[in-house]
Structure formats: structure tokens, C-alpha cells
Amino acid sequence: MDEFVPLAILAGVVLAGVAVTVGVSRLVRVGPVAGDLLPYLGGLPPVEHAVSRFHVRWYAVTMVFLAFDMEMIFMYPWTLVVATMGTGAVVEMFLFLAILLAGVVYAWREGALRWT
Amino acid sequence: MDLTDPLLRFAARVPHVLLVPVPGRPGLRMDTEQVVAHRGWWEATSPADADALLVAGRPGPELDAVVEHIWRRIPAPRIRVDLDDGGTAADLEVMLDSVPGSLADPRRARAEATAAATAADVTDHTDHGGGHHHDHHMDMPLPGGLSMADVAEDRDGLALDVLRLPLGPVLPDWPAGLVVDVELQGDVVTAAGARVLDAAGPGPAATRPVPTAARGRDVVARVLAVAGWPGPAARARDLRDRVRAGDPTADLAGLLRTVRRSRVLRLMLRRIGDGHGADVAGLLEQRLARLDAYAAGAAVDELQRPGPADLGARLAGAELAAARLLVAALDPDVDGAVAGVGDGQEDGR
């Protein structure tokens, strides 16, 4: 049970910080907050709701990032043990990286990383 | 609460001023920018950031509606300063002297806060009243009552939402009174139509035109500011003010050297092109070369500024940030659009 004590302390500090910030702002402000305002676009009211998707190039880059993110997850524990495990571990990790890199080169040549 | 007064006084020492320039009054805009910069005050980027609203000139009806829209969104403590058309720098100094005092007054701040809160409830419902009519098939009420964007094919043939956005007249480093109605897919502008507010009404009375050298420095300052390099942008504005004050031999060479030597700026502006073959780096270099030639005494003719109708076609296909840089670099002729119809009434309107 006392593994959770630091967590509880952290949660308490966070809640106290938020309470102090909100409390001070309410004490110090000069009047009620004007709510219900539409976003500012430069002076004219918005015509449509701005919930819309991003251009597809962002999603392609996100997929490539995700692939390398999963590879990073494997590399973190590998860095801790590679010194004791020797050359074999290094070769295996670089083979893994080479396979991922082949995938990136394929995507590049297929035009998935085109920006404009 | 006693905490409020010293905080208000502290905040009022450096007010954030939101400048609303009026088309047809470039000299007045430059005067206001100079005065605000000399006092060490901050130019606000949006109403949420502003303490004082400064309208540089008398706005026409459309721009007046925009100013009201903005004024509603400025949080208390706030103050509004309206400059008349014939205002000079001296008038401006007098009006701005009273601003910190008014901002630090707690009673006035509370009155403004209540006024702002109640005004927002009443008038915001008229902004999007049209949105309720045409979404019969929508079951879920969207926030603000606005409808969602329609879907169309984008430049790669994929179906993507088309968002219609009015890039309005009061944006940082934006031409006065210019509204660009863009259709955005993702962050790419697929179509744009530019117009100047109050172009159909009687224009302002003619004023002394701004000297070419000052205007050139002003455009360079704008491009640098939009590109995100505030140091040289401020230097260019300072040079502009010195030229207007009659001292053209100020340190132009140093600024030109700094700007031309920067690889990062060149890489950033390099391939942002409009449809006519010019790119922003080329346009900037053209402006710098003209400043050089002017300073060396060669006769330089007036650069042809594109009108608002031409601007829309040039922005199609650019990303939103690239479109912003193009608008700053192309320097559309907003003053001409307003003055063209305005040879009827002068003042007394």
C-alpha cells in the first residue's frame, strides 16, 4: 500500500496547485466572465463549425512516426543490456532497423511523404 | 478586493493595444504604430490579448460592425480610443496619456466587466441565426448552432471537408480593411476571394500620400514580422518612422545586410509561390533592391500593387501560413480600392 504514497502526494500537490490558481484568479478578477463567445477569426463571425480533418499528408507522416515509435520501445531496454550481451545483440538490432528503413524508403518512393 | 488595485496598476503600466487600421489612412496607421512603439507598449494580436482598442481613423459601416464585434470580445479592464480622420500624432499622444490611468481604475474596470458580460449574451445570437435553418438532417445540436462543413475532393482526389473561413480585417500585420474569404481543405487554401470593407461607400478625404521609401520599409517590416523575425521587423519599422520624420540616411545598409545574409529566412521563403511565377523570397529581394536603389539616389518608379480581385487567384493552392506570407509580400492596394469610388463626398458626412 505504501507504493502509492508518492502518487497520492503528487496528486495532492497537483490539486492544490490548481485550486490556488483558480482561487487567486477568482479573487482578483474585476467582474464576471463573458461566456458563449464564438472564436475570433479576424473580426467577422464564423460561417461553419471548424471541426474538420487534416490534410492526408499529416496522417502519412503520423504512420511513419508510429512505426519508429514502436521500434524505440524495443530499443530502450536493448540499450540497457547491449553492453553485457555483446556483438550479436548489436547486429540483431541493426538488422531490425534496416528492415524498418526499407519500409520507409518504399513509402518515400511511393510518394507517401510528399508534402505539397 | 485589495489584491485587485495593485495588480491593475501593475498591468496598466504596459497596456496591450489592439490597432484597427482604416483603409485609406496609411499615414495614420503608421503614426499610431510609431507612438505605441515609442511608449514601449505592446501591440496586441487579438481581442483576448488586448487592453485598449485603438481605431485609427473613422471607419465606414462595415468596418464599424467589425469594431463592435471586436469590442465585445475584449475583456475588462478595457478602454476604447477612437482617432478621428484628421488626427495627428500630437492628438494621439494626448489620448494615450489617459489610457494607463483609466485601465488602473478598479471601479471603471468592474463597470466595463459587467457591460461586457451582459452585451455578449444579447448580441451574439444574431451572428449565427442563419445556421439554424439549413440543417434539418442534423440530430445533434452543434456548439454555437453552426453547421458542419461540406465534403469535396481535395488536390489529391480524396474527400476532405471544405471549410469557409473569413480571414478578417483585424489580424496582426494584415492590410487595413482587407477580408480574404478562403475555402480551406485541411490547411491548404483551395479558393480565395479578397475584398476590402467599405469599398462601395464614399471614401475618406484624400490625405498626404506616404513617401515611397517609407512604404517600402513598411512592406519589408511586415514580411519579416509575419515570417517570425521580430528584431529586424522592428528595425525596419524604426527606419520607416525616421524616413517619415525626414531622416533618410539612417542605417539601412545594416538591416539589408542582416536580412540578406540569413539562410534560414531564405530557406523558409523560397518556394512559396503565387500562381504568377513569383515567390516570396524573390518578392522580398525585389523590395530590398528597390530600397537600395532609392537610397543610392536612383529614380525608382511606383511598384504595381495588386488589387483585391487579383489577390484571391494568387492565394489558391498555398498553405495557410504561406498565404499569410504572400499577402504580406504582395502588399495589395487597399487604399486604392477605397479611394477609387470616393470622389463624391469629402467630409461633412
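This passage describes the overall make-up of chain B and two patches on the surface of the predicted model.

Chain B contains 14 helices and 8 strands. Of its 349 residues, 49% are classed as buried. Among the contacts in chain B with a separation of 6 or more, 68% join residues that lie 24 or more positions apart. The area exposed by chain B amounts to about 16500 Å², and 56% of this area is supplied by carbon and sulfur atoms.

A positive patch on the surface is formed by B:Arg263, B:Arg266, B:Arg270 and B:Arg271. Of these residues, B:Arg271 is located in the loop that connects helix 10 (263-269) and helix 11 (280-295) of chain B. B:Arg271 counts as exposed because its relative accessibility is 74%, and the exposed class begins over 50%.

A nonpolar patch is also found on the surface, with about 1000 Å² of accessible area together. Its members from chain A are A:Phe54, A:Val56, A:Trp58, A:Tyr59, A:Val61, A:Leu101, A:Val105, A:Trp108, A:Leu113 and A:Trp115, and chain B contributes B:Leu158. At least two residues of the nonpolar patch are supplied by each of helix 2 (56-85) and helix 3 (87-110) of chain A. Helix 2 of chain A provides the largest share, with 4 residues. A:Val105, a member of the nonpolar patch, is placed in helix 3 of chain A. The relative accessible area of A:Val105 is 38%, so this residue is partly exposed; the partly exposed class lies between the buried limit of 20% and the exposed limit of 50%.

Key: Residues numbered from 1 in each chain as written. Chains lettered and ligands numbered in written order. Predicted model: local features only at pLDDT ≥ 70, side-chain atom pairs only at ≥ 80, totals over all residues. Heavy atoms only, no water. Buried < 20%, exposed > 50% of the residue type's maximum accessible area, 1.4 Å probe, protein only. Contact = heavy atoms within 4.5 Å. Areas by Shrake-Rupley, 256 points an atom, 1.4 Å probe, with all protein chains shown as cover. Patch = residues over 30% accessible without salt bridge, like charges linked within 9 Å, V, L, I, M, F, W, Y side chains within 5 Å. Salt bridge = Lys/Arg side-chain N within 4 Å of Asp/Glu carboxyl O. Lys, Arg positive; Asp, Glu negative; His and termini not counted. Charge placed at Lys NZ, Arg CZ, Asp CG, Glu CD.
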